[in-house]
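Me: I am new to this structure and would like to understand how its descriptive labels are reached. Could we go through some of them with care?

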Amino acid sequence: MISQFQFLMVAIILLFISFLGIVLNRTNIIIIFISIELMVLSVNFNFIIYSYFLDDILGELFSLFFLTIGASESAIGLAILISFFKVRKSILTFFALMKN
């Protein structure tokens with residue numbers, strides 16, 4: 001049986017990978033959006049872990065709520081990205097423009 005510590009280590013590794021995706025790649029906004037979504041998914045994974053080990057359904061309900069918010073955030077972010085690309089003809093972030 002997989003212990004609670006092993007589940008939490010997976011969630012911490014996912015959070016760390018998403019943090020590195022934001023910090024190390026500041027030029028591509030799509031990678032930044034994906035990293036933010038990975039952070040939200042690692043938090044949802046923590047909710048599900050604690051819900052399972054505490055035998056409470058409230059964590060799973062919170063997880064479903066945050067998944068719907070994450071899906072709407074992705075749709076709105078993609079719409080903003082498309083309109084930004086139509087205006088500027090580039091999706092480079094402000095940090096990438098400062099390097100040039």
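The turns below take up aromatic pairs and side-chain exposure in this predicted model.

Me: Why is the pair of phenylalanine 47 and phenylalanine 62 called tilted?
Reply: The two ring centres are 5.8 Å apart, and because pairing asks for centres within 6.5 Å, they count as an aromatic pair. The angle between the planes is 40°, which is neither under 30 degrees, as stacked would need, nor over 60, as edge-to-face would need, so the pair is tilted.

Me: What makes this pair a link between parts of the chain that are apart in sequence?
Reply: Phenylalanine 47 belongs to helix α2 (residues 29–54), while phenylalanine 62 belongs to helix α3 (residues 58–88), so the pair ties together parts that lie 15 residues apart in sequence.

Me: Why is phenylalanine 47 called partly exposed?
Reply: Its relative accessibility is 28%, and since buried means under 20% and exposed over 50%, the value falls in between, so phenylalanine 47 is partly exposed.

Me: How do you know that tyrosine 52 and phenylalanine 53 are edge-to-face?
Reply: Their centres are 5.2 Å apart with 85° between the planes, and because an angle over 60 degrees counts as edge-to-face, the pair takes that label.

Me: What makes isoleucine 34 count as exposed?
Reply: Isoleucine 34, which is placed in helix α2, has a relative accessible area of 52%, and because exposed means over 50%, the label follows.

Conventions. Residues numbered from 1 in each chain as written. Predicted model: local features only at pLDDT ≥ 70, side-chain atom pairs only at ≥ 80, totals over all residues. Heavy atoms only, no water. Phe/Tyr/Trp six-rings, centres within 6.5 Å; stacked < 30°, edge-to-face > 60°. Helix = DSSP H or I, 4+ residues; strand = E, 2+ residues; numbered from the N terminus. Buried < 20%, exposed > 50% of the residue type's maximum accessible area, 1.4 Å probe, protein only.
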